[in-house]
Amino acid sequence: MTKKRHSEPQKTTTTRKQSQEDPVGGLKLTLEKLSDEVKNLGLVLGISTETQKPDQSNAKSKEESTSGKNDFARPEMSQEDKQEQRKAKAAEKKARAEAAAAKKAQNAPQVAAPKNKKENPEAAKSDNQKDETPPKEVIKTEKAENPPTENMEEEPKEKAVRSVLKHGGSGQNNGKGVHFDLNVLTKTESEESLATTLPEPPVLPMEDASSIAHIHPAFLTISARCERELVDDLEQLCKEFIGAFREYLQEWAAARLREGSDPKTVGHDLDLAIRPQLAHLTQFGRWPLPYALGNIVRQLKKEILKMDGSRTSFFNGEKDPTMAQIQVLDEWLEDTSRTNFNLAYDAIALHLNPKIKNVHSVMTYDWCPVVNHVLLASLNSYPKLGVCIVDSELNGRGIRHVNSLIENGYRCQYTDLKSVGYAISKSSMVVLGCSAVLSNGCVAATKGALQIALAAKAFNVPLLVASQTFKFVDKVQSYARTALLSRDAVELIPSMLVTAIVTDIRILPPSAAPAVLKAKALDLE
Amino acid sequence: MESNEIESLRRSLVASFRKRDSRESSQKVALQVINYLRKVVLQEKFESLHQLIQSLHRNGRVLSAVEPNELIIINIVLMVSKLARDEAQATKGPGSLTPYDSLYTLWREIGSNEKSFNIKKIKKDLIQSIKEIITEVETSRDSIASQASELINSQDVVLVYSLKNSPTLDGFLASARRTRKYRVYNVVKSTEIDDSPDFATPIQHCDVGNKMCETTKVVLSGAAVFPDGSCLVPAGGLTIALTAQRHSVPVFVLAAFYKITPFFIPDPSALNTSCRADIPFDLANKLSGKVELIQPAFDILPSQLISLFVSNSSSLIPAHVNRLKEDYYHPQDISEF
């Protein structure tokens, strides 16, 4: 892991070496030049007010990219203002409605009045909370995100700068050549459409403080942890996501109870509420969620939409229907987590056990918790089983397998990807973990797994893939990158190379993937 | 029999083999062995061709016993002994026959005349042809590199492996760079990314699968070529070649003539050497006695994965290696050695 992290900046430095000597200084300079040019352009065109927009954004992005945390104050304030305005409007509406209610129900005016009083301080409290919390979050996430983003976003930044330069250049030419045309354009009311055609600020939308303000800290933590590569495999990500969602659910439920809204719309409202949260994780749909996590989210949404208050008869313990429904959802989440990450492991190990019985030596590649569990279980039954762990490079993620085997008192072989040609000839079975099984039977696994699969095929060694059923997705690969686990790019092992997939239901050929999707209701309707 | 000078020469040669901490370039090894054999031929006294060849073989066996993994020693010894036979043949004239001549020749040339030959002349001619072979070894890199412009086209994306350890590969790419504009992916360890030369884009071994889609040619450097068309390449070459085959990307193996091994190795893994694993000390300490680290130096590349061998005289398909073998080795030597 550490090696990987080191390698990232090295890569970028090598690429930048060719272009510039001092990248930060160069970037600053180009941005300054650019802003000057844009100003000049504005002056030439006589639209000083309009041109400030890109100018500001550029300046902001520049300051953000360097170090400035203070500069969040301005957009933050505007956001707060907006929120306050909204609050005020909502309060007015409420007041009106309550006044009307009071008029109608003049019999009990004393009840309405204290309610009003009660609610007001609450609203104020929530206002305060919301006002106070965002800056903290912003700072937190900034702290968390800054170190990796420096590495990560250099390329996008550069690209953005390039595009900015291009735009700027062409704009200037236009300004010189087709002067009147632009003037006409600026006077029209389609100002906003013009603004959208202006170059994007060279920062990701994720970094914008105003967009983070309403995101729950639990989700912010997840994305920050993924950025820093603290979460680097899918299992962990799914577990953390479920954990974060449960946390979010509790707080949302509490807020809901205070509002005391209709229990029948719980599902609908929750569905609306989680949308921006999920959008934050996918960077507003920029990348799709990792395959299997997408599955969990889809199932979760299905469960949420069931919460329409129609099943209140099932809730025996809870008196409040809202709370009861949320409890059911919470239990579902807990159950999903337990089924997929504890029971499924045991089931897979159980199914693999008879197959591994006569095997002389097993090979695996990279880290996967399922495979680790399976290996330990098999070694427990057959202590003479040889285990060969292959890593993309020595002392990579696969060392976790080695550590866990050593801790349990087993011996193993350890090697790296380049030595597979020799190691595979000594192995009689390959067991791989995966991050998804696609509907056409292809297996998405860690980078380098394809080479293992090809070597296994060349040496006629069976290749089994251990996968829980929730990792079966009704998709084929249409994109190379996913959100959150972006650096942990996956590679597809074609179904031709996979002997069988060991799932928690049974051992299946890869061609049975559609059947699993159907059986587990994971297919897209 | 052997003079002290030969003995000391051999000692120094063996010492130079043993002293090195990593494998030297094969060209250097080849030159060292040829020079040693040249001195053997010069110093020792022979009465007949048989003695000369026996002496060469004896010296070769001693050297290859010292370095059993170095196939080049055997190759060079057999090559020199073939030269000796050729010289003898030339002195004898065209009339003499050997059991390995073609049936047609045997049928046509009835009645060989047993000419006595002059061993001194053979020796002199042998020294001359050894000198020629030295020049051939020395120029082998250049002649391989000169074929680069035929094999690499403009806009190609070439994936190379173990560029750091192979001056031949480096020369090949440099030669192609002079006339062609192409991109290079250099497969390296993550720790060596900074050391990668400027003209190449460094990628890690696990990225090979992804990058193979863009690659149009794979160039590997061979360590030994077997008569069946398979070859030894640095460890990791096998998975690269397998990936290339999956993506229908041609694989070229650069191997000079002295890397063509004249006989089949039934179990090439037996002569596979291990190299040192570079892991941190504390990890090594933790793993010691519990974990076996597998670090072979070479992979065996079966012939069906190779599109073309680039040798110094020509480029040839794996099936033709056996034919080329006969240019350099005498069948009697192969069976006797």
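Biologist: I've started at K28(B), which is found in helix α2 (residues 26-43) of chain B. How many C-beta neighbours does K28(B) have inside 10 Å, and what does K28(B) count as?

Modeller: First, bear in mind that this is a predicted model. The idea with burial is to count C-beta atoms around a residue: 20 or more within 10 Å makes it buried, 12 or fewer makes it exposed, and anything in between is partly exposed. K28(B) has 15 such neighbours, so it counts as partly exposed.

Biologist: And how far apart are K28(B) and V77(B) in sequence and in space?

Modeller: They are 49 residues apart along the chain, and their C-alpha atoms are 15 Å apart.

Biologist: How confident is the predictor? What does chain B average in pLDDT?

Modeller: Chain B averages 86, and 91% of its residues score at least 70. If you go element by element in chain B, strand β7 (residues 251-254) has the highest mean, 96, and helix α5 (residues 103-108) has the lowest, 71. Go carefully at residues 111-115 of chain B, where pLDDT stays under 50. For that stretch the model has six contacts beyond four places in sequence. As for the whole model, the scores are ipTM 0.89 and pTM 0.72.

Biologist: Let's move to chain A. How many helices and strands does its secondary structure come to?

Modeller: You'll find 19 helices and ten strands there. Chain A has 525 residues, and 35% of them count as buried. Take its contacts with a separation of 6 or more: 79% of those link residues 24 or more positions apart.

Biologist: How do I read a pair of packed helices? At what angle do α11(A) and α14(A) pack?

Modeller: Two packed helices are described by the angle between their axes and by the distance between those axes. Helix α11 (residues 234-259) of chain A meets helix α14 (residues 321-356) of chain A at about 170 degrees, and the axes are 10 Å apart. That angle makes α11(A) roughly antiparallel to α14(A). On the α11(A) side, the contact residues include I242(A), F245(A) and L249(A), and α14(A) brings residues including I326(A), L329(A) and F341(A). By class, the contact divides into ten nonpolar, three polar and five charged residues.

Biologist: Now strands. Which strand pairs with β5(A), and in which sense, parallel or antiparallel?

Modeller: In general, strands of a sheet pair through backbone hydrogen bonds, either parallel or antiparallel. Strand β5 (residues 436-437) of chain A is joined by two bridges to strand β6 (residues 443-446) of chain A, and they run antiparallel. V437(A) has V443(A) as its bridge partner in β6(A). The hairpin of β5(A) and β6(A) has five residues between the strands, and G441(A) there takes a positive phi near 90 degrees. β6(A) also pairs with strand β8 (residues 490-493) of chain A, antiparallel, over four bridges. In that pairing A444(A) stands opposite L492(A).

Biologist: What is the strand order in the open sheet of chain B?

Modeller: The order is β5-β6-β9, three strands with antiparallel pairing. β5 (224-225) and β9 (298-301) of chain B are the edge strands, each pairing on one side only. β5(B) and β6(B) share two bridges, and A224(B) is partnered by L232(B) of β6(B).

Biologist: Where do the chains meet? How many residues of chain A are in contact with chain B?

Modeller: 31 residues of chain A touch 34 of chain B. Elements giving two or more residues on the chain A side include α1 (2-19), β3 (412-416) and α18 (449-458). That side has 13 nonpolar, eleven polar and seven charged residues. Look at β3(A): it pairs in the parallel sense with strand β8 (residues 291-294) of chain B over four bridges, with T415(A) opposite I294(B).

Biologist: Back to burial for a moment. How many residues of α18(A) are buried?

Modeller: Nine of its ten, so α18(A) is largely enclosed by the rest of the structure. Among the buried ones are L450(A), I452(A) and K457(A). Just after α18(A), N460(A) takes a positive phi of about 60 degrees. Then look at helix α10 (residues 237-246) of chain B, mostly covered, with eight of ten residues buried. Those include G237(B), L238(B) and A244(B). S248(B), just after α10(B), has a positive phi of about 55 degrees.

Note on methods: Residues numbered from 1 in each chain as written. Chains lettered and ligands numbered in written order. Predicted model: local features only at pLDDT ≥ 70, side-chain atom pairs only at ≥ 80, totals over all residues. Axes fitted to C-alpha atoms, helices over the stretch in contact; angles between N-to-C directions. Parallel < 35°, antiparallel > 145°, perpendicular 65-115°, else oblique. Contact = placed C-beta atoms within 7 Å. Nonpolar A, V, L, I, M, F, W, Y, C, P; charged D, E, K, R; others polar. pLDDT = per-residue confidence, 0-100. Pairing = 2+ DSSP bridges.
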